[in-house]
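Dear colleague,

I am handing over the structure we talked about, and I would ask you to keep it open beside this message while you read. Below it I have set out what was found, going from the whole chain to single residues.

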Amino acid sequence: MEHYNKVINILEIFRTNRSSKGLICAHCQSQQVIRYGTYNKKQRYKCKTCKKTSTDFTNSPLNMCHFPNKWPEFIKCTIKGLSLRESARVLKVSYITLFYWRHKLLIALKNIKNKEFIGLVEVADIFLSYSLKGQKGIDVRAPRKCGRKYKYLLGEKVCVLIATDQSRNITSRATLNLGFNKRCVYDAIGDLITEKNTLLFNQKPAYSSFCRDKKITFYNSSIEGCSINSGRSYLNNFLKWMLRFKGIASKYTNNYLSWYKFLNKISFNDTYIGIEKLIKIMSSEYITEINSSICKQRLETA
Ligand SMILES: [Zn+2]
């Protein structure tokens with residue numbers, strides 16, 4: 001464990017990467033930033049635009065973190081697929097702390113912008129049961145008539161929709177629904193598909209309706225006789241991969257979808273190079289989530 005933490009200086013990676021194009025404010029992205037002394041042995045900056053001060057870890061998963069030097073090893077554990085309890089034993093950090101670290105990391109990955117799709121885009125979807133894992137007070141859950149007060153209606157399921165093109169550009173999104181409808185499609189890919197694309201899907205009228213709205217050419221695989229494989233197999237592999245977590249609370253589905261997409265896209269390993277690569281990517285993203293807001297995450301209803 002000591003090995004990675006000594007070799008990888010996470011603060012240095014953040015500093016180098018975040019200032020590679022000049023100093024930028026972590027709050028408002030202004031370039032009117034000056035060095036402003038030190039804070040906890042870390043360089044402090046002040047923004048002339050929003051007047052706020054920041055360090056290299058501000059608005060990152062490591063913001064206010066007591067053990068930043070344990071992050072390289074934590075990332076190694078995450079890449080290896082260790083459970084939070086196993087990682088907690090290795091790192092000698094509490095399981096609860098690591099729960100928040102994991103979700104901050106996944107939120108940073110979720111923030112990476114999707115690229116525009118090129119040409120033919122295949123879509124596939126799957127429904128999962130709603131899970132309240134980890135939520136307190138489930139036994140006293142109110143009936144449906146009080147649904148608004150609670151986070152979901154009885155019968156609602158988690159719809160996971162994925163879209164992929166031939167260059168393996170992937171987007172995936174989970175929403176909460178009573179049934180599959182056009183809004184699910186809009187919510188997942190509405191901003192990413194244009195008239196230049198052709199959509200390939202299997203049967204569901206919601207897709208054809210979406211395509212007509214947006215004037216997009218489409219192929220319904222059940223009519224055209226062509227098969228759709230990559231989207232479906234991606235979803236099946238995602239479900240297999242998820243088994244290791246022994247069930248997750250549905251409200252975190254989008255975080256795990258981003259993590260899976262990321263692992264698929266970039267071949268990671270738990271070597272020095274793999275860990276450093278992930279830290280660099282993480283340092284480029286600005287997140288504002290803190291521990292309390294992570295627990296309040298919820299799936300949007302489409
Ligand atoms: Zn600012």
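Of the 302 residues in the chain, 46% are buried, and please bear in mind throughout that this is a predicted model. The chain is built from 12 helices and eight strands. When contacts between residues at least 6 apart in sequence are considered, 63% of them join residues at least 24 apart. The area that the chain exposes comes to about 16300 Å², of which carbon and sulfur atoms supply 51%.

The zinc site

A good place to begin is the zinc ion, whose protein donors are the SG atoms of Cys25, Cys28, Cys47 and Cys50, at 2.2 to 2.4 Å from the ion. Along the sequence these donor residues follow the spacing C-x2-C-x18-C-x2-C. What is the geometry of the site of the zinc ion? The angles among the four donor atoms run from 104 to 119°, and the site is tetrahedral. For comparison, the ideal angle for four tetrahedral donors is 109.5 degrees. Two of the donor residues can be set side by side for their exposure: Cys47 has 1% relative accessibility and therefore counts as buried, whereas Cys50, at 25%, counts as partly exposed, because the class of buried residues ends at 20% and that of exposed residues begins over 50%.

The sheet with β1 and β2

Strand β1, which covers residues 33–39, pairs with strand β2, residues 42–47, in the antiparallel sense over five bridges. Within this pairing Arg35 stands opposite Tyr45 in β2, and Tyr39 stands opposite Lys42 in β2. The two strands form a hairpin with two residues between them, and Asn40 is found in that loop between β1 and β2. Asn40 has a positive phi of about 55° although it is not a glycine, and with a relative accessible area of 58% it is exposed. As background, most residues other than glycine have a negative phi.

Both strands belong to an open sheet of three strands, in the order β1-β2-β3 and with antiparallel pairing. Because β1 and β3 (53–54) stand at the edges and each has a single partner strand, one side of each is left without a neighbour in the sheet.

Helix α4 and its two faces

In helix α4, which covers residues 84–91, the buried residues are Leu84, Ser87, Ala88 and Leu91. Seen down the axis of α4, these buried residues fall within an arc of 105°, and so they line one face of the helix. Which exposed residues does the face of α4 turned away from its buried side carry? They are Arg85 and Arg89. Among the elements that cover the buried residues of α4 are α3 (71–80) and α5 (95–110). Just after α4, Lys92 takes a positive phi of about 55°.

Three residues in loops

The loop between α9 (230–242) and α10 (253–265) holds Ile248, and Ser250 lies in the loop between α9 and α10 as well. Ile248 is buried, since its relative accessible area is 13%, and Ser250 is likewise buried, with a relative accessible area of 4%. What does Ile248 contact, leaving aside its neighbours within four places in sequence? Ile248 is in contact with Ser131, Lys133, Met242, Thr253 and Tyr256. Ser250, not counting residues up to four places away in sequence, touches Ser129, Tyr130, Ser131, Val158 and Leu299. Although Ile248 and Tyr130 are 118 residues apart along the chain, their C-alpha atoms are separated by 9.7 Å.

Lys215 is placed in the loop between α7 (205–214) and β8 (217–220). Is Lys215 buried or exposed? At 64% relative accessibility, Lys215 counts as exposed. Lys215 also has a positive phi of about 55° although it is not a glycine. The C-alpha atoms of Lys215 and Asn197, which are 18 residues apart along the chain, are separated by 9.9 Å.

With kind regards

Technical notes. Residues numbered from 1 in each chain as written. Predicted model: local features only at pLDDT ≥ 70, side-chain atom pairs only at ≥ 80, totals over all residues. Heavy atoms only, no water. Donors = N, O, S within 2.8 Å, 3.2 Å for Na, K, Ca; no water. Tetrahedral: all angles 85-135°; square planar, octahedral: opposite > 155°, others 65-115°. Buried < 20%, exposed > 50% of the residue type's maximum accessible area, 1.4 Å probe, protein only. Helix = DSSP H or I, 4+ residues; strand = E, 2+ residues; numbered from the N terminus. Arc of directions from axis to C-beta. Contact = heavy atoms within 4.5 Å. Pairing = 2+ DSSP bridges. Areas by Shrake-Rupley, 256 points an atom, 1.4 Å probe, with all protein chains shown as cover.
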